[in-house]
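Q: I am new to this structure. Please take one residue and look at it closely, then set it in the chain around it.

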Amino acid sequence: MRKKIIVANWKMNKTLAEGEQLVNQIISSNSNEDVLKIIAPPYTHISSFVNLLNGNESYRVAAQNCHHEERGAHTGEVSAEIIASCGAKYVIVGHSERRIQFNETNFILAEKVNVAI
């Protein structure tokens, strides 16, 4: 049987301290090991949460997005490689907000999937 997955995408919410408090509450109130829990905080929080969850096999950290190119002059964007170097194992691509607000096309999403893999 496949493991169930729950993803919490925080979008542009929660300061680092607020996020740490929330994650600690989630950990202390949820012991279901049959569910993989993935948190997707803002980029600036990724390393902190990777460290906070270190050794807890029921939790993982994801990025909320990645750029479709591996590197370059893309101010404010983050590559899949940079995300991975912070310890995140997952990334959300194809979110409806990104498609609507940033006009991300199927072509761009396919490129994001390729760099994420």
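A: What follows starts at Asn65 and then widens to the chain. The model is predicted.

Asn65 sits in a loop. That loop runs between β3 (59–63) and α3 (80–85). Is Asn65 buried or exposed? Its relative accessibility is 5%. Buried means under 20%, so Asn65 counts as buried.

Which residues does Asn65 touch, leaving aside its neighbours within four places in sequence? The contacts are Tyr43, Glu77, Ile83, Val91, Ile92, Arg98, Glu104 and Lys112. Lys112 deserves a second look. The side chains of Asn65 and Lys112 are joined by a polar contact of 2.7 Å.

Now the chain. Five helices and four strands are found in it. From the N terminus on, their order is β-α-β-α-β-α-β-α-α. The radius of gyration is 15 Å, close to the 13 Å from the globule rule for 117 residues, so the chain is as compact as a globular protein of that length. The C-alpha trace spans about 40 × 35 × 25 Å along its principal axes.

Contacts within the chain also reach across the sequence. Take those between residues at least 6 apart: 61% of them join residues at least 24 apart.

Next, burial and surface. Of the 117 residues, 29% are buried, and Asn65 is one of the buried residues. The chain exposes about 7,700 Å². Carbon and sulfur atoms supply 52% of that area.

Last, charge. The chain carries 12 positive and 12 negative side chains. The centres of the two sets lie 6 Å apart.

Methods:
Residues numbered from 1 in each chain as written. Predicted model: local features only at pLDDT ≥ 70, side-chain atom pairs only at ≥ 80, totals over all residues. Heavy atoms only, no water. Helix = DSSP H or I, 4+ residues; strand = E, 2+ residues; numbered from the N terminus. Buried < 20%, exposed > 50% of the residue type's maximum accessible area, 1.4 Å probe, protein only. Polar contact = N/O pair within 3.5 Å; in protein donor to acceptor, adjacent residues only side chain to side chain. Contact = heavy atoms within 4.5 Å. Rg over C-alpha atoms; globule rule 2.2 N^0.38 Å. Areas by Shrake-Rupley, 256 points an atom, 1.4 Å probe, with all protein chains shown as cover. Lys, Arg positive; Asp, Glu negative; His and termini not counted. Charge placed at Lys NZ, Arg CZ, Asp CG, Glu CD.
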